[in-house]
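User: I am new to this structure and would be grateful for a close look at one part of it, the aromatic rings, together with some account of their surroundings.

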Amino acid sequence: MSLDKTRIVDEAVALLDAEGLEGVTLRKLAARLGVQAPTLYWHLPNKSALVTAIAEAIVPDPTPPGPEQPWQEWLTDFAVRLRAALLAHPDGARVVSIAQLSRQTAAWSELAMSTLADRGLSLRDARIIALTVERFTIGHALEEQSPRPDPADFDLASYTAAYPVSVRAITEYFEPGRTVDDLFRDCLEVVVAGAGVVAVQ
């Protein structure tokens with residue numbers, strides 16, 4: 001089978017899924033493909049280029065809003081899709097956050113800004129809103145994918161004594177059976193609602 005960039009990136013994503021970002025190296029990728037590492041340099045000159053290529057494969061294609069779809073609803077839908085795509089891969093959010101000049105991320109930003117501008121927002125507001133939603137979503141996913149502390153090293157009693165309101169708030173929020181998915185949507189709703197306020201000022 002011929003070696004092309006699509007095959008390389010597909011295998012790189014599979015390596016990410018198997019070993020996480022720390023396990024993604026050009027040497028390991030070359031071994032999976034049955035080639036020598038220098039062969040990959042024709043397609044991806046270094047690890048930064050490899051990470052960017054993986055990010056482009058992870059980020060979903062931007063889909064324009066429907067003619068009557070409110071931009072707030074469209075932004076929310078995209079953020080939900082983006083988070084799901086990031087969480088589908090170990091370290092997916094980290095990959096996207098450190099990718100340099102990802103054309104897929106740029107395509108989403110371009111569509112978001114042009115959509116909001118077409119709906120009457122200033123280009124400044126469109127850019128700020130698009131960046132805020134994008135960075136909130138990636139940041140939320142980064143936290144979700146961060147390693148959790150070992151319970152043996154965490155003193156819940158002393159933490160509760162030091163931060164009682166925080167612990168009560170967390171406990172109250174999740175008591176009705178809410179999940180982190182609900183938390184993301186509730187926080188996103190606040191972000192998008194705030195963006196709506198910015199848009200009308």
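Analyst:
**The aromatic rings and their surroundings**

Trp-74 has a relative accessible area of 5% and is therefore buried, as the limit for this class is under 20%. The model considered here is a predicted one. Trp-108 likewise counts as buried, its relative accessibility being 1%.

The structure holds six aromatic pairs. A pair of aromatic rings is described by the distance of the centres and the angle of the planes. In the pair formed by Trp-74 and Trp-108, the centres are 5.7 Å apart and the planes stand at 45 degrees, an arrangement classed as tilted. This pair joins distant parts of the chain, for Trp-74 belongs to helix α5 (residues 71-87) and Trp-108 to helix α7 (residues 103-118), with the two positions 34 residues apart in numbering. Phe-78 joins Trp-74 and Trp-108 in one aromatic cluster.

A further pair consists of Tyr-159 and Tyr-163, whose ring centres are 4.9 Å apart. The planes of Tyr-159 and Tyr-163 make an angle of 55 degrees, so this pair is tilted; edge-to-face would require an angle over 60. Tyr-159 is partly exposed, at 33% relative accessibility, and Tyr-163 is also partly exposed, with a relative accessible area of 45%. Both values fall between the limits of 20% and 50%, which is why neither residue is classed as buried or as exposed.

Another ring is accompanied by a charge. The charged end of Arg-178 sits over the ring of Tyr-173, at 4.8 Å from the ring centre.

The surroundings may be completed with a contact between two helices. Helix α1 (residues 5-19) packs against α4 at an angle of about 85 degrees, and their axes are 9 Å apart. The two helices are therefore roughly perpendicular to each other, since angles of 65 to 115 degrees fall in that class. On the side of α1 the contact is made by Lys-5, Val-9, Ala-12, Val-13 and Leu-16, and on the side of α4 by Leu-50, Ala-53, Ile-54, Ala-57 and Ile-58. Nine of these residues are nonpolar, one is charged and none is polar.

Thr-52 also lies in α4, which spans residues 47-58. With a relative accessible area of 10%, Thr-52 is buried. Apart from neighbours within four places in sequence, Thr-52 is in contact with Ala-99, Gln-100, Leu-101 and Ser-102.

Terms used
Residues numbered from 1 in each chain as written. Predicted model: local features only at pLDDT ≥ 70, side-chain atom pairs only at ≥ 80, totals over all residues. Heavy atoms only, no water. Helix = DSSP H or I, 4+ residues; strand = E, 2+ residues; numbered from the N terminus. Buried < 20%, exposed > 50% of the residue type's maximum accessible area, 1.4 Å probe, protein only. Contact = heavy atoms within 4.5 Å. Phe/Tyr/Trp six-rings, centres within 6.5 Å; stacked < 30°, edge-to-face > 60°. Lys NZ or Arg CZ within 6 Å of the ring centre and 35° of its normal. Axes fitted to C-alpha atoms, helices over the stretch in contact; angles between N-to-C directions. Parallel < 35°, antiparallel > 145°, perpendicular 65-115°, else oblique. Nonpolar A, V, L, I, M, F, W, Y, C, P; charged D, E, K, R; others polar.
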